[in-house]
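Reader: I'd love a close look at one part of this model, the chain in the middle of the story. Could you walk me through how its pieces are arranged and what they touch, and then set it beside its partners?

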Amino acid sequence: MRKKISNNELMQKLFHLPTFLVLTAITLFPIIYSIYISFFGYTLSKPGSEKQFVGFQNFINIFSDAGFWNSMLVTVKFVFGVTVVQVVFGLVIALILNSIVKGKKILTSLVMVPMMVAPLIVGLMYSFILNPQFGLYTFFIDYFNLPLTISPLSSATSALIVMMITDIWEWTPFMVLMILAALQSVPVSPYEAAMIDGATEFQTLRYITLPLIKPVILVATILRAMEAFKEFDKPYILTGGGPGAATEVIDMFTYREAFINFNFSYAAALSLVLFILLLAGGILYGRLIMEQEK
Amino acid sequence: MSTRQKKWFVLLITVITITGLVIFGCSAATDTKLYAGTTIRVIAETQNPTLALEKLLPEFEKLTGIKVELTYGPIDSVVQKELLALQSETGEYDVISSPYEFLGSLVENGYVQPLEPLLNNTNLNVIPDFDQEDFIKGMWSASGNWEGTYYGIPSNTCIMMLFYRKDLFENPAEKEAFINKYGYELEVPKSWNQYKDIVQFFTREKGQMLAGEKLDHDFYGTTIAGKRHIAMMCEWLNYAWSFGGGIFDKEGNLIIDSQENVAALDFFNEMKKYSPPGVSNNTWDEVTTQYQQGIVAMGIQWNDCAPSIEDPETSKVAGKMGYGAIPIGEAPAAHFGAWSYFIPKSSKNPEAAWIFLQWANTTAVQKRIALTGGFPCLKSVFNDPELLQKLPYWEASLEAYKISSCRPRIPEWNQMNSDMVLELSKVISGEQNSQKALTELKLKYEKLLKDKLPILYQ
Amino acid sequence: MNINKKRVFKNILAYTFIILFLAITLTPYFWLIVTSFKTRMDAFTIPPKLIFTPTFDNYRTAFLDKGFLSNFKNSLIVAIFSTFFSMVVGLPSAYAFSRFPMKGDHFLYFYLLATRFTPVIVLALPLYMIMSKFHLLNTFTGIIIAHTAFNLAFVVWMMKGFFDAVPAEIDDASRVDGCSRLGTFLRMAIPLTINGLAATTIFCAINSWNEFLMALILTGHFTATLPVAIPGLLTPQGTFWGQIAAVGSVITIPVLVLSIVVQKYMIKGMTFGAVKG
């Protein structure tokens, strides 16, 4: 009997082993290494600096770095803006899609398209459309005489808005799919009861549907917000963080410090700060899932 | 000696001589194949000179048996790949072509080899036409000499100068209109005031006339590289130097926030008004495209972009361009841009790499490269009359070289460039005024350079 | 009568809205595909041309002349191998979470979650340095390892859900028949979740195929995947929009096709099984 139990436990561990070996090697080690280099002053601008121990100086510098705070602000604006819009649009479209009987599958497939386009390509696509000389956008505002700027990527505010639009374009389908799935799995009985009670459509929506899908919306929002926080490909290819630093989301800022300015230690410190922030978000998400499973 | 002995003697000497000659001749012939079978990896920028070099590589392989794997990409990606490869000492590249501003960084971080041992190694002098005396000393120094030692050899050298639509400048209708409006002849501007007049003059809307024809699109007096990118720093420094500004003064003190620089930045920013919309997305590549599309009258650009503008297959204005000197404010100015070839310390084939570099800098190769847009570093090619005849931008390039200035090559420069393009970019996007931007920049530089100031050696 | 009319009207309204919405959202992407078939002249004319003579030049130049075909091959290699490895490594773990619950489960779950939520940049720099020490830079091995690790959490979470759907009784039955745990896993559990397996595999492949930042850092000239090679089309000779469109189309179309196949499992995949599709 005893032998069987210990075999059991061994088996369990063996099944888990490969996964956690790989994860440790590819994620834990790099993070530990990052922590290590963040305590030095390694930068290519100062030859010999890889040996220079600076303790927590890099972390202190982060807090006094205007560029960092600007980046955080840009990222927060971005995340907040896109998530809110995606939830609203997603909800509206999902509700409408759900009400359609025929052709739902095809229409859903079509709605999904933007989500499947690689983010880098999304960026390039918008870059092409917004080209002041031959872009589709330029043509439209010319043709319809719209009072919009011909070069939205040239000014700080409009560049950020463009960035948000590209993300909304790409990821609203995700929200749609999530909410659609939730709508399709709600129990029928509350609705039957509502019909018997003579509730209007609007009342049904407000008091039955929305509360029922609230958990999913919450999960989706957090997931989307965390992914948006990690945004890199689109700003990289569309604006490079500019004009000025108007679209320099935190991933872009960290990338710049690491791979353009070659301030390796500072970049390591930055990525750790980022990691901790996202970890907090992840804990929240994990808790939510646990609750849902109950 | 008897006659018979004499005959044998003569025969012996003849045989020895002939054998000696044969051996000598053979070894001289096989010397080029000294490193045959080696493969070297080279990385450079995607520019006309590199593309021209690529076409000639089979010849090099035939001559030496050394295979060359050439990689190229846009400046950001090349610099990134190189520096990361050097930092991690992978030995991935045997030759890197790097913008010369990295010279200090590469040397002081211990990434690249000094060239003297290779230069002095006579065993490696296998390329017959290579002659180190043929290098233009000034260019070689700027590209590759750090504190007295040579580390680099000029790779893709280029100069910034004035580009303009000669056909428009010579058009009688335009000339008349200009003199009526401004009171002086339309010609290549010699001062910044003239530059501004011309730029204003040529900025026209769709429907207006240009050179006797009605425009079906907007036309612009100029264009600038306004993206948060090294291209903007390169272009702006021309204005800064010409206005009497710059980064350091003669004593090595920071003068980046001087009145002259502010004026230069204000002027640069003002040019935005007369440029095609979207300048904050322009690097030198977009600027070239805009010339090719024929929507720009005049501007400041790199001479190695001229071939693309003169190419009838991709450019609407091939044959219509003129080239001249950047206006003189307080001083003449022309930005000297150079890429240099370096041999990383981590390279496993430095000798083969050196042979490649010799070959790349022979007259024949340099001339072929010059014909497709490169700027040679050899005296023999520099003064070649055929180039002067064939290439419309050649004379202006030579003149520009004479007045050219370099940007700093200290290890801190990469960070300084990054800071500078950020501040300049804020001005272009209207977020910041010139004075504040440059003051902010000075603070950043002071923090970065701290006790190294004044910088006497750049 | 009134109710029916209302319903029909509502339906028409719904269809109209969705179709309008699709028209607006799909236009940019449609434009990309169309541009890939245009000549340089056609691509840049104003007003934009909808009717034109299509050409395969962009595809030919990009893939044959400029070598994007080898990038395509690289993308395939990385996607296939990293997917394979993440499945091989992750499946046992997913099964274990499903069938062998133990005390440390929550902690392990969390660990997995953490890896998925780490921004790539946090790992990119140290991974770069570590891989360079092991001479894995610019090799297929390096990027495959990285992609395998990134997809692992995905595989485990998704497949756990699918394993959960297979009743434990089947496992017990097979054990009674004398099959080992490993055997049960291999011969019973996996075949029964073949749908989920297919979906997960496709997801992993898509993730690897579209990935940019890691590939940018870890691949070199000869191992560059398609996304990494694209910035090479933004050259001093001008931006080759036609070719970018061609490569962009080739990057996205396989993904679109595959995603239709796994549409049913989309939600599960994107929330790691938290929400059933």
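Author: Happy to help; what follows begins with chain B and then moves on to chains C and A.

Please keep in mind throughout that this is a predicted model. Let's start with how chain B is divided. The domain assignment gives chain B a domain 1, made of 32-157 + 337-402, and a domain 2, made of 160-336 + 408-452. The C-alpha centres of these two domains of chain B are 29 Å apart. Where they meet, 25 residues of domain 1 of chain B are in contact with 24 residues of domain 2 of chain B. On the domain 1 side of that contact, α2 (48-64), α4 (103-108), β11 (336-342) and α18 (394-402) of chain B each supply at least two residues. By class, the residues on this domain 1 side are 12 nonpolar, 10 polar and three charged.

Now for a pair of helices in chain B. Helix α19 (residues 413-428) of chain B packs against helix α20 (residues 434-449) of chain B at an angle of about 165°, and their axes are 9 Å apart. Because of that angle, α19(B) is roughly antiparallel to α20(B); the cut-off for this label is an angle over 145 degrees. The two helices, α19(B) and α20(B), cross in a right-handed sense. If you would like to pick out the contact residues on your screen, α19(B) contributes B:Gln415, B:Met416, B:Asp419, B:Met420, B:Glu423, B:Leu424, B:Lys426 and B:Val427. From α20(B) come B:Ser434, B:Ala437, B:Leu438, B:Glu440, B:Leu441, B:Lys444, B:Tyr445 and B:Leu448. Taken by class, the contact of α19(B) with α20(B) has nine nonpolar, two polar and five charged residues.

Follow chain B onward and you reach B:Pro454, in the segment after α20 of chain B. The peptide bond from B:Leu453 to B:Pro454 is cis, with omega near -10°. That is worth a glance, because most peptide bonds are trans.

Next, the neighbour of chain B. The contact between chain B and chain C takes 18 residues from chain B and 14 residues from chain C. Which elements of chain B supply at least two residues each to the side that touches chain C? They are β2 (67-73), α3 (75-87) and α12 (284-292) of chain B. The element that gives the most to this side is α12(B), with five residues. In terms of class, the side of chain B that touches chain C has four nonpolar, 12 polar and two charged residues.

Chain C has its own division, into domain 1 (2-36) and domain 2 (63-270). The C-alpha centres of domain 1 and domain 2 of chain C lie 34 Å apart. Their contact takes four residues from domain 1 of chain C and six residues from domain 2 of chain C. The domain 1 side of it has two nonpolar, two polar and no charged residues.

A helix pair in chain C deserves a look as well. Helix α3 (residues 57-65) of chain C and helix α13 (residues 241-261) of chain C pack at an angle of about 80°, with 8 Å between their axes. The pair α3(C) and α13(C) is therefore roughly perpendicular. On α3(C), the contact residues are C:Asn58, C:Tyr59, C:Thr61 and C:Ala62. On α13(C), they are C:Gly242, C:Gln243, C:Ala245, C:Ala246 and C:Val247. This contact of α3(C) with α13(C) counts five nonpolar, four polar and no charged residues.

Chain C also touches chain A: 72 residues of chain A are in contact with 74 residues of chain C. The side of chain A that touches chain C has 54 nonpolar, 15 polar and three charged residues.

Finally, chain A itself. Its secondary structure comes to 12 helices and zero strands. The C-alpha atoms of chain A fill a box of roughly 80 × 80 × 30 Å along the principal axes. The radius of gyration of chain A is 24 Å, while a compact globule of 294 residues would have one near 19 Å. One backbone detail to find is A:Asn145, in the loop between α6 (136-143) and α7 (156-184) of chain A. A:Asn145 has a positive phi of about 55° although it is not a glycine. Most residues other than glycine have a negative phi.

Technical notes
Residues are numbered from 1 along each chain as its sequence is written. Chains are lettered from A and ligands numbered from 1 in the order in which they are written. This is a predicted model: local features need pLDDT of at least 70, side-chain atom pairs count only at pLDDT 80 or more; totals for chains, interfaces and linings use all residues. Two residues are in contact if their C-beta atoms, placed from the backbone, lie within 7 Å. Helices (H or I, at least four residues) and strands (E, at least two) are DSSP runs, numbered from the N terminus. Ala, Val, Leu, Ile, Met, Phe, Trp, Tyr, Cys and Pro count as nonpolar, Asp, Glu, Lys and Arg as charged, and the others, Gly among them, as polar. Axes are lines fitted to C-alpha atoms, for helices over the stretch in contact, and angles run from 0 to 180 degrees between N-to-C directions. Angles under 35 degrees count as roughly parallel, over 145 as roughly antiparallel, 65 to 115 as roughly perpendicular and the rest as oblique. A crossing is left-handed if the near helix is turned anticlockwise from the far one by less than a right angle, and right-handed if clockwise. Domain bounds come from an automatic or database domain assignment. The radius of gyration is taken over C-alpha atoms; the globule rule is 2.2 Å times the number of residues to the power 0.38.
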